[in-house]
Each structure stands twice: as structure tokens, then as C-alpha cells.
Amino acid sequence: MYDTTDTIAAIATPLGESGIGVIRISGSHAYAVGDAIFRSPSRKPLAQRRDRSIQHGLVVADDGRPVDEVLMLIMKGPHSYTAEDVLEIQCHGGRKALEEILSLVLAHGARLANPGEFTQRAFVNGRIDLAQAEAVMDVIQAKSRQGLTSAVNQLEGRLSKVIGAMRHELTDFITRLEVTIDYPEEDLEDITVPDVAGAIRKQLASLDEMLEASHDGRIIRDGVMAAIAGTPNAGKSSLLNRLLQEDRAIVTDVPGTTRDVLEEWISLKGVPVCLVDTAGIRETDDTVEKIGVTKAKAYMDKADIILVVIDSSRPLSEEDRAILEDTKERNVLIVLNKSDLTPVVAEKDLGQYGHPVLSLSAGTGEGLEALKEQLLSLALSHADTAGSALLTNTRHIELVRQSREALKRALDSIEAGMPVDCAVVDLREAWDLLGSITGDTVHDDMVEEIFSRFCLGK
């Protein structure tokens, strides 16, 4: 992992001009490093000053030259983020001040921290588990209020508690089955094995629920992509502008104005949605427009939701029908645009495609709120970030899936009347896999790989 005698330091705020910049120092020599560069009216060494206090003073260079006026935050271990002695220097946010103070800190015995090393120390020192550590980056990278709520829930240990309870129950299963192996003369198997089998079925049902909800969890964290597709002049760019409430895309009466894709993010009740305005799909000899059509189809292929925009003021074209046929098996919302004009196409004309249909006017905004509600409904089915331990992390989802497979093998062994030893092997595997989520059974190389994705200073 790391040398516990090391003291690490890093700039914890983005470089650039800002009101405040923060340099974080953690380790057994943090206060010695601070004493070497910090001057204040109090002559006390930092280690003797009050825990969780803020000291005002100057950072000075080795020749006595003042570098910056700062606030020094003192957090003594184990009651700190890393569970070690920690100092945080709050200085002015200019790049030069931050870099010069960090250089002094490194010159007096600290080393530059690796990405995520502060959080890694918090994990290694037992202050947080691995799932909580990964939630730190989810909090930093949250794209929406709902994503932030989900990340904070995980940071507080909601998922860890659920996983911990499951592992505790698995320990009970294993222990009870091993008793029947160790004491065959007691005739415990006929009582114990059916009881354990019933409990395994309940845990399988819980894992199934978690995996089913994981789709919503990933959407809450990463967002959903909605491609706006259709023929030229159907009103795709107008719809994008209306949803964004700004003129982001060029809108003209000339068909084929949009030649490239345009991506913009919006938030629908806390769920991040990436709207992709695509080129109008039609047969064309224009080389640039052909490229735009190819890109449009590529984005439709990878989108979570496709908004097929149709101009309801003109009859369905062959291109309209081709798009609807090509997206018949996809998650589609058909948008009948230009409802402020005399309609030629109605919802009843599109029933054969099996998708929800909604009328609106991108020009006037009528029907826009209904579109947002329908779009959100397609994105989320049952996510509840306030009351559940959602799986939002791909690593966690895969470990839960593998654990479920091991549990199913254990149950199959029991139901097939195989020796109890076979079920115990699979139960132990499930126990080990769930422990990898919280870090109880994870290997060091995996820990290093996870924390290498973190930003410097965290």
C-alpha cells in the first residue's frame, strides 16, 4: 500500500485564479512540515495547538520572505479525513501562491501525493470502506441533484450496510451447513438444509431487485442519452432550443441545416439527460450531409432514448416511415411537432409502431412539459435515491451479479441433493465477492487501480 512514515501533500483545489486555494498535508510529520513554513503570533508548535482549530498567519520562505497570508486548519488523527494528522493551508487562489507554498511543503519533508492517496489512506486506516471511498468521486462528479443524493447516500454507508447484512447472513448459512458436516451423527441436515435453502431464495430475490434497479442507478449517476432524430425540417433543432430554453442550434426553413451532431445537457427532476440534435435523415448526394446522416444513425444506435420528431402538418414521408420501422425495437417517443398548425398526421396513424406518441409545438412551447414528463418516465422506472441503496458503480454491479450466480449454484446443489460441501463452496464465493464491494476481501492491486482514477489532492 504505502509507507506509513510518509507525509504526503497536494493542491486540493483546481489551479487557476480564485478566492481561495487549499493545500492538504497528511501524515506523521505533517505538523513538523507546517512548523517549518508557518509563522503566527502564537509561538506554540502546531501539534500543541487546539485540535480542529484555525490559525491565522503567514507562510514564509526559507530566507524569511513572506509568501502569502493564510489560514492553517489543524485536524489531529484519528479524527481527520485520513485518520492521520492533517493540515490544510488555505491561501489565496492564485496559481503562483499555490505552487510556491507546495514547493516549500515538499522541500521540508513531504512528498507529492498520488491521485486519490488521501482517500486511499482513509480506507486503509479504516475510516471508510471501499464502497464509501468510491462514492467520494461520485460526489465530485455528480451531474445532478439526484445523482448527488445517491452518491451521498453511498458515502454515508447505505450500500455498505446492505452488503454487510448480506455477508453476515451468508456467514450464518455457511456456519449452519458446516455444523451438519462436522456432526453427521446428530441428524441435523434434514432440519438445517431446507431452512438455509429458503433463506438463500430470499437473498437471491434481494439481489435480483438490486440488479434490476441498477439500470436506474447508472442513469442517476451517468445520465441518459436522448437522440433527437427525424427528417429534415421536422423541427428537431427547434425542439432542442425549446428544451434548453436558449437558441443553441441554428434554425432555418432550409432543409438540411444541421450537418453535424450537437450535444447539450439538461436536468429533468434531478436526472441528467444528454440531448443530441442530429442531422435530418434522408437520401442525399451532398457529401457533407451524407456524413451528417451517418453520424445521426450512429448516435441513434447508442442512445438510451430516441425522440423521433415528425412534422404533423404534412403527410408521413417514406423517410419518416423508414425511421419508425428502423427504431421499432428501441426505446422511442414519437413527437408530433407543429401542433399549432393544421394537423395531417394524428396519433391513431402511428399505432402500428407500438411507441408512445405526444403532440407539441416546438415553436410555441405547448406540450413541452408533457414531453419532459414522458422523457423522464422513459429514463426512469422506479429509482428512489432517498430510500434505497442503488447500485451505480459498474464494478459493484458486476460483483453483485457474480455473487448472485454463486448463490444460485449453491441453491441448485441443495435442491439436487448434492453433498452439503458443494453448497458451502459456492456460498463462500458469494461471501467473498460481496466483500470485494466494501473492500473486506479485495486484493491490493485492485485497490491501487481504483484509487488511481481519483483526482490529485483527494
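Contact here means heavy atoms within 4.5 Å. The tour below applies that criterion to a predicted model.

**Stop 1: helix α4 and its two partners**

Begin by selecting residues 130-141, helix α4, together with residues 420-438, helix α13. Two packed helices are described by the angle between their axes and the distance between the axes. For α4 and α13, the axes come within 5 Å and cross at roughly 40 degrees. That angle makes α4 oblique to α13, because angles between 35 and 65 degrees fall outside the parallel and perpendicular classes. To display the contact itself, show the side chains of Leu 130, Ala 131 and Glu 134 in α4, which meet Ser 436, Ile 437 and Thr 438 in α13. By class, this contact comprises three nonpolar residues, two polar residues and one charged residue.

Keep α4 on screen and add helix α5, residues 145-155. Here the axes come within 8 Å, and the crossing angle is roughly 155 degrees. Angles over 145 degrees count as roughly antiparallel, and α4 is therefore placed in that class relative to α5. The crossing of α4 past α5 is left-handed. On the α4 side, select Ala 131, Gln 132, Ala 135, Val 136, Asp 138 and Val 139; on the α5 side, select Leu 148, Ala 151, Val 152, Gln 154 and Leu 155, which they meet. The residues of this contact divide into eight nonpolar, two polar and one charged. Ala 131 of α4 appears in the contact with α13 and also in the contact with α5.

**Stop 2: helix α6**

Which helix holds Ile 181? Ile 181 is placed in helix α6, residues 158-182. With a relative accessibility of 32%, Ile 181 counts as partly exposed. Leaving aside neighbours within four places in sequence, Ile 181 is in contact with Val 420, Asp 421 and Val 424. The range of α13, residues 420-438, is the one already selected at the previous stop. For a distance label, join the C-alpha atoms of Ile 181 and Gln 203: these residues are 22 apart in sequence and 23 Å apart in space.

Thr 171 is also found in α6. Its relative accessible area is 34%, and Thr 171 is thus partly exposed. A second label may be drawn from Thr 171 to Ile 101; their C-alpha atoms are separated by 51 Å, with the two positions 70 residues apart along the chain numbering.

**Stop 3: helix α8 and its surroundings**

Move to residues 236-244, helix α8. Is this helix mostly covered or mostly open? It is mostly covered, with seven of its nine residues buried. Select Lys 236, Ser 237, Leu 239, Leu 240, Asn 241, Leu 243 and Leu 244 to see the buried set. These buried residues pack against the strands β8 (224-230), β9 (262-268), β10 (271-277) and β11 (305-311), and against helix α11 (368-379).

**Stop 4: backbone features**

Most residues other than glycine have a negative phi, and most peptide bonds are trans. The next selections depart from that pattern.

- Gln 245, just after α8, takes a positive phi of about 60 degrees.
- Asn 233 has a positive phi near 70 degrees and lies in the loop between β8 and α8. With a relative accessible area of 27%, Asn 233 is partly exposed.
- Lys 338 has a positive phi near 65 degrees and lies in the loop between β12 (332-337) and β13 (357-359). At 22% relative accessibility, Lys 338 counts as partly exposed.
- The peptide bond from Gly 77 to Pro 78 is cis, with omega near 5 degrees. Pro 78 lies in the loop between β5 (66-75) and β6 (86-91).

**Stop 5: the aromatic pair**

How many aromatic pairs does a search of the whole structure find? The search finds one. Select Phe 123 and Phe 451: their ring centres are 6.1 Å apart and their planes lie at 35 degrees, so the pair is tilted. Phe 123 belongs to helix α3 (residues 117-124) and Phe 451 to helix α14 (residues 444-451), and the pair links parts of the chain 328 residues apart. Both Phe 123 and Phe 451 are buried.

Terms used. Residues are numbered from 1 along each chain as its sequence is written. This is a predicted model: local features need pLDDT of at least 70, side-chain atom pairs count only at pLDDT 80 or more; totals for chains, interfaces and linings use all residues. Side-chain values use heavy atoms; hydrogens and water are left out. Axes are lines fitted to C-alpha atoms, for helices over the stretch in contact, and angles run from 0 to 180 degrees between N-to-C directions. Helices (H or I, at least four residues) and strands (E, at least two) are DSSP runs, numbered from the N terminus. Angles under 35 degrees count as roughly parallel, over 145 as roughly antiparallel, 65 to 115 as roughly perpendicular and the rest as oblique. Ala, Val, Leu, Ile, Met, Phe, Trp, Tyr, Cys and Pro count as nonpolar, Asp, Glu, Lys and Arg as charged, and the others, Gly among them, as polar. A crossing is left-handed if the near helix is turned anticlockwise from the far one by less than a right angle, and right-handed if clockwise. Buried means under 20% relative accessible area, exposed over 50%, partly exposed in between (1.4 Å probe, protein chains only). Rings of Phe, Tyr and Trp (its six-membered ring) pair if their centres lie within 6.5 Å; planes under 30 degrees apart count as stacked, over 60 as edge-to-face and the rest as tilted.
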